[in-house]
Amino acid sequence: MMTCPRIRLLTLICVAAAAACAQSPTGRIVGAANSFLSTLDAQQRQKATFAYNDEAQRKRWSNLPVRMVPRAGLSMGELSERQRSAAMALVAAALSKRGFEKVQQIMDGDQVLKENEKNNPMFGKDLFFLSILGTPSEKDPWMIQFGGHHLALNITIAGSAGILTPSLTAAQPAWYTLNGKTVRPLGQENDKAFALLNALDENQKKQAILNYKVADLVLGPRQDGKTIQPEGLKASALNDKQRAMLLDLISEWAGIVHESAAAARMAEIKAGIAETWFAWSGPTTAAPGKNGTAYYRVQGPALVIEYAPQPLGGDPSLHIHTIYRDPTNDYGRKPASK
Amino acid sequence: MRLVPIVLVATSSCWAHRLDEYLQATMFSVAQDRIEAQIRLTPGVAVFPFVMASIGEDRNAYAERVLRDLSLSVDGVRLRLALVSVKFPALEEMREGLGEIQIDFRASVPAGGSNRTLVFENHHQNAIAAYLVNSLVPRDPAIRLAAQRRNENQSTYRLDYTQEGARPMSGEAVLIAAAMVLVTARFTKTLLAADERR
């Protein structure tokens, strides 16, 4: 049976969805942000809001637990049920249905980790933070940040644009059982990449597979605005079906943001697909229904995606970090500077 | 809805941080007359005591030791690495496997042709190291990076690049070249004279 918080969250999401019929996506997100802010007292509001040009807050994100890298904003654990529902409704409004589901699965995974580790206070769903930079507006740029351990969403709203870069999604455990169902928060990211690799011919594979180990993300947290020399297989050498598979893989990140922003982003990525590279390092097989242990990178003119299993004291297939960047437009700097 | 406790394959794998490796990520930035680089070093929890003992009290001296374990050459000429800056994290962060030591260094590149090859080797703490090495796309449009090659653990890196409009030689190089031309001319003249005598 569903508990009150879940029912309230669903109700709020339904209300938001109904209102959305009459609103633009940005209008819907602004409405959800104002609804959330209206539930806060003055002290909480002060804690949750930052100036749009607050660079320190903008860059205060990490893959690490919040005890190790403290976040600012309001944590879910310090909110009432009503406030928490409003907070999650804001996150849901800014994301696609699939993106919000992924975020919930990452958060559920962190709760599983907490319970598996004898209620370790370093983990859990209470330790995800929400903050707003700037004033929610349909016209002027502002930002929503939501994240904690293994999650960092930096969503810049600038008019009709919704920019999700840089963002980090990760999972530990990368598969778990919840209410009798197996959950793999980054399962599609793994499965679609393996499908693409297996669709390559031998010559393409030779180019795509790097002959060296990649131990971690190259452009993880604190590596903003950097563009490295691409490597691997250039998508200009792919056939139409393979390119479609690559775009489908990219959509696992580009499609996290709400649908109309995701469509604009995918159009941008598609326009540069011939100049996009796919590189793979590590084993080329994985157990069915599990994530593999290989690193891969997708890099285009306005895109960097890295998928890096973490050999940090356990099975790397159970602990995955990914990063999603647009070095030309991280934090939505392009529209913000217009 | 309550989360159902589960048993995972690896039950004690909650490590959120590096464990038994010393991650060393180098990033190069190539310009016409110089190479700039940053190396980010993150000791894992298990190797922290060992790494800390090797760092000692003088952190600049440690950075210099790291540089001595590196080798950088362009077109076969080994370059002198100059330390630019060193940044150390709080000890506590390093103890938890989070702290990142940042060492920035640079090297002057002698003038050369349009096709150039950079070779980098990192041997620092190679028994526990996990190496990463990459190059940034150059800001200077006259420089184009071509092939990158690495060995399996990325301790060796080779980068081929081209540069348009290679720089004119320095005054010192011009003098050396002029001297070589003179010596060659004199030598040729002597040989010709000897031929004539025969």
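I count two residues as in contact if their C-beta atoms, placed from the backbone, lie within 7 Å. The model is a predicted one.

**Entry 1: core**

I looked up the partners of L90(A) under that cut-off. Setting aside neighbours within four places in sequence, L90(A) is in contact with A32(A), A33(A), F36(A) and I144(A). I then turned to the nonpolar core. The largest one holds 122 residues, and L90(A), V91(A) and A94(A) have the most contacts inside it. I checked which element gives this core its largest share: helix α5 of chain A, residues 81–94, with nine residues.

**Entry 2: confidence**

I noted the scores for the complex, where the predictor gives an ipTM of 0.87 and a pTM of 0.87. For chain B, I found an average pLDDT of 82, with 74% of the residues at 70 or above. Residues 1–14 of chain B have a pLDDT below 50, yet this stretch has 34 contacts in the model beyond near neighbours in sequence. I leave those contacts unread, because predicted coordinates should not be read in detail where pLDDT is low.

**Entry 3: antiparallel sheet of chain B**

I traced an open sheet of five strands in chain B, ordered β4-β3-β7-β10-β9, and its pairing is antiparallel. Which strands are at the edges? They are β4 (77–78) and β9 (143–150) of chain B, each of which pairs on one side only. I also looked at the join between β7 (residues 115–122) and β10 (residues 156–163) of chain B: the two run antiparallel and share seven bridges. To fix the register I took R116(B), whose bridge partner in β10(B) is Y161(B).

**Entry 4: mixed sheet of chain B**

I traced another open sheet of five strands in chain B, with the order β5-β6-β2-β1-β8 and mixed pairing. Strands β5 (82–87) and β8 (129–135) of chain B form its edges, and each pairs on one side only. From one strand to the next, the twist averages 15 degrees. I asked in which sense β1 and β8 of chain B pair, parallel or antiparallel. Strand β1, residues 22–30 of chain B, pairs with β8(B) in the parallel sense, over seven bridges. For a point of register here I noted L23(B), which stands opposite A130(B) in β8(B).

**Entry 5: helix on the sheet**

Last, I looked up what helix α2 of chain B, residues 59–68, lies across. The helix covers β2 (34–43), β5 and β6 (101–108) of chain B. I recorded the angle of α2 to β5(B) as about 130 degrees.

Note on methods:
Residues numbered from 1 in each chain as written. Chains lettered and ligands numbered in written order. Predicted model: local features only at pLDDT ≥ 70, side-chain atom pairs only at ≥ 80, totals over all residues. Core = buried A, V, L, I, M, F, W, Y, C linked by C-beta atoms within 7 Å. Buried ≥ 20, exposed ≤ 12 C-beta atoms within 10 Å, placed from the backbone. Helix = DSSP H or I, 4+ residues; strand = E, 2+ residues; numbered from the N terminus. pLDDT = per-residue confidence, 0-100. Pairing = 2+ DSSP bridges. Axes fitted to C-alpha atoms, helices over the stretch in contact; angles between N-to-C directions.
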